[in-house]
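Biologist: I've got a fold on my screen and a cup of coffee. Could you walk me through it, one question at a time?

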Amino acid sequence: MGLTWSKPVGLAWPLEGDLLMSSLSLKGGDLSRLRQLNSVSVIKALRGAEPTTLSMLAERTGLSRPSTKDVVDELTGLGWVEEVPPTAGTMGRPARRYRFRADGGHLVGVDIGAHNIRAALADLDGNVLAETRRPARPDAPLEERLAAIKRAVMSCLDLGGLTMSDLWMVAVGTTGLVTPEGHIIMSASIPAWKDLDLAGLLGETFPCRVLIENDSRLAALAETRRGVARGARDVVFLHVGRRMGTGLILDGKLHRGFGAAAGEIVMLPETGWVTAPEDLNSSAVVPEGTPIEDAAGFTLAAARNGDAAALDAVGRFTKKLGVGAAAAILLLDPEIVVLGGGFSRSADVLLPPLRHRLERVCLRMPKLRGSTLGDECVVLGAIDYAIDHLDQFFFAPDGPALRPPVRPAVVPERTV
């Protein structure tokens, strides 16, 4: 797939010869390759950190101070790094401080659900700058849903004072069976999502690279980067809400399986996952006429207060949830299982009965935690997914020479 980039304002790039030289393998006197490795080390030390002096950078990277200065000067010229003005009121001659230009580029993460479309604008460090949310109908025609996605993204850009040309990448999490190429095979909750080249359609709307991934997988990724599973290598994410899903992280990487169908436990009728949310939506404590999106909340709140009917509904729900969760645990032996999605706000109600059921059948009980990211998990995971792709292209030790993107360009695919 071709890759089109928008040009970031104020960033320059080196000559084509520099790009060629940096692709050479490291051999003795290959100074260009060595500069690439040193540049990547400095950028990794700066990203997500407070402005830092040359001495501190040298200590963090293990480079000499003169070498650090040379690298910083080069990165400053390229536009990846900038000097930070001294703090007001500082006495004497302050040491120069530098920061990574996370605001030199921007990306958007999108969460396409059956009932809502959420978008978030972020910088190159993944800091969220603006968010929007738009309602959607599960049965909406394809054109209507695509238009809603565009409006959600444009609203984020407007809030951030940016335009479409400022976008480097759009990453989308959606329900359904999604191929690595961004083709949706099917989606039970969005009828229009069937045999659909969503990456191609959105690529006609946005002048940048568009990534498509299953929403539960992106939620699992967010938990390992920002949530309760941070740093864990093997994670099972239970996406629990008005629909059910699973995201898997194995050996620190998203696990799709051979045909991108890994984790689709909901397809197994014996688990009862398809109908499980109805146990909470239809309990006797839900007031008549309550909108479907609010029904489970009444049941979970009543269960928290000890209502017998609500507790019975929670018991039936967690029994079904436990069947699929136990199967995943026994097969994968994860370090941690995260209860996420819309129902994660009631993890205090759901986790105790779920834990009780799992402990009865699991040979080794993993850590069981409720998500702290809530409804934001998918859109945050989409942002992290986009950053991974950008990092692999720009900041991988074996990647091309550091240079900002230029439009038009064809950039080779890199596996993340």
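Modeller: One definition before we start: two strands pair if DSSP finds at least two bridges between them. Helices (H or I, at least four residues) and strands (E, at least two) are themselves DSSP runs, numbered from the N terminus. Keep in mind that this is a predicted model, where local features need pLDDT of at least 70, side-chain atom pairs count only at pLDDT 80 or more, and totals for chains, interfaces and linings use all residues. Residues are numbered from 1 along each chain as its sequence is written, and side-chain values use heavy atoms, with hydrogens and water left out.

Biologist: Which residue in S3 stands opposite Thr52?

Modeller: S1 and strand S3 (residues 97-100) run antiparallel and are joined by two bridges. They belong to an open sheet of three strands in the order S1-S3-S2. Its edge strands, each pairing on one side only, are S1 (52-53) and S2 (81-84). Across from Thr52, in S3, is Tyr98.

Biologist: How many of the residues of strand S12 are buried?

Modeller: Buried means under 20% relative accessible area, exposed over 50%, and partly exposed in between (1.4 Å probe, protein chains only). In a regular strand the side chains alternate between the two faces of the sheet. In S12, Val235, Phe237 and His239 are buried on one side, and Val236, Leu238 and Val240 on the other. For S12 (residues 235-240), the count is six of six.

Biologist: Which residue in S15 stands opposite Val236?

Modeller: S12 has two partners to sort out. With S13 (residues 244-250) the pairing is antiparallel over six bridges, and a hairpin of three residues makes the connection. With S15 (residues 336-340) S12 runs parallel, over five bridges. There, the residue opposite Val236 is Val337.

Biologist: What helps to cover the buried residues of H5?

Modeller: H5 (residues 142-159) has 18 residues and reaches 26 Å from first C-alpha to last, close to the 26 Å expected at 1.5 Å a residue (the expected span is 1.5 Å times one less than the number of residues). Its buried residues include Arg145, Ile149, Ala152 and Cys156. Contact here means heavy atoms within 4.5 Å. The cover includes strands S4 (106-112), S5 (116-123), S6 (128-135) and S7 (167-174), and helix H6 (198-203).

Biologist: Where is Asp333, with its positive phi?

Modeller: Phi of Asp333 is near 50°, a positive value in a residue other than glycine. At 43% relative accessibility, Asp333 counts as partly exposed. Its place is the loop between helix H10 (308-332) and S15.

Biologist: And Asp195: buried or exposed?

Modeller: Asp195 also has a positive phi, near 50°. You'll find Asp195 in the loop between S9 and strand S10 (196-197). With a relative accessible area of 57%, Asp195 is exposed.

Biologist: What percentage of the residues of the protein chain count as buried?

Modeller: The secondary structure comes to twelve helices and 16 strands. Among contacts with a separation of 6 or more, 65% are between residues 24 or more positions apart. Of the 416 residues in the protein chain, the buried share is 51%.
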